[in-house]
Amino acid sequence: MNPSATFVAGRQNIGSEVEISTIEKQRKELQLLIGELKDRDKELNDMVAVHQRQLLSWEEDRQKVLTLEERCSKLEGELHKRTEIIKSLTKKVKTLESNQIECQTVLQKTQLQLQEMAQKATHSSLLSEDLEARNENLSNTLVELSAQVGQLQAREQALTTMIKLKVI
């Protein structure tokens, strides 16, 4: 063999060895990268799973919120109705209280008028009794005076008769 051929063959051997070593290094790097990619893929899959659970949880929460909003709306409607009923009843109560106050006032005035009328009736009754007593006194006096007038008339008649008899 030719020294230059040996040199070329040696060089080719060294070149092949370098190539093989480079390829092995690249394979190792590729295997490391593939391992890292698998780890990243697993991390991403885990993240996707967590994200999907979060989305499901969020959707459930959103449904709960919608349900609660609907319920809240119904309750607000009911509250509004009841508030209107309370306002209406409050107005009625105020009107009734006002009417009651007016009735109390009228009742008090009527009671005062009844007391005054009772006092007047008592006064009238006493006055009537007094007048009846006076009337009875006057009636008795009239009877007495009538009797005296009758006696005086009889005496006058008797005196007139006597005077006539004396004159004759």
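**Exercise 1.** In this predicted model, work out whether Glu-70 is buried or exposed, or something in between, and which partner its side chain meets in a salt bridge.

*Solution.*
- Start with the accessible area: Glu-70 has a relative value of 48%, so it is partly exposed, since exposed calls for over 50%.
- Next, look for the partner: the side chains of Glu-70 and Lys-74 form a salt bridge, at 3.8 Å from N to O.
- Then place the pair: both residues sit in helix H1, four residues apart, or about one turn of the helix.
- Finally, check Lys-74: at 57% relative accessibility, Lys-74 is exposed.

**Exercise 2.** Find how many salt bridges the structure holds, and describe the ones formed by Glu-59 and Glu-78.

*Solution.*
- The count is three.
- Glu-59 pairs with Arg-62 at 3.2 Å, N to O. These two are three residues apart in helix H1, which means a separation of about one helical turn.
- Glu-59 is partly exposed at 28%, and Arg-62 is partly exposed at 34%.
- Glu-78 pairs with Arg-82, with the closest N and O atoms 2.8 Å apart. Both belong to helix H1, four residues apart.
- Here Glu-78 is partly exposed at 36%, while Arg-82 is exposed at 51%.

**Exercise 3.** Describe the residues 128–155 that UniProt annotates.

*Solution.*
- First, the record: an unreviewed UniProt entry gives this span the feature "coiled-coil region".
- Now turn to the model: the span is 100% helix and 0% strand.
- Last, its ends: the C-alpha atoms there lie 39 Å apart.

Technical notes. Residues numbered from 1 in each chain as written. Predicted model: local features only at pLDDT ≥ 70, side-chain atom pairs only at ≥ 80, totals over all residues. Heavy atoms only, no water. UniProt positions renumbered as here; feature names shortened; annotations may be inferred. Salt bridge = Lys/Arg side-chain N within 4 Å of Asp/Glu carboxyl O. Buried < 20%, exposed > 50% of the residue type's maximum accessible area, 1.4 Å probe, protein only.
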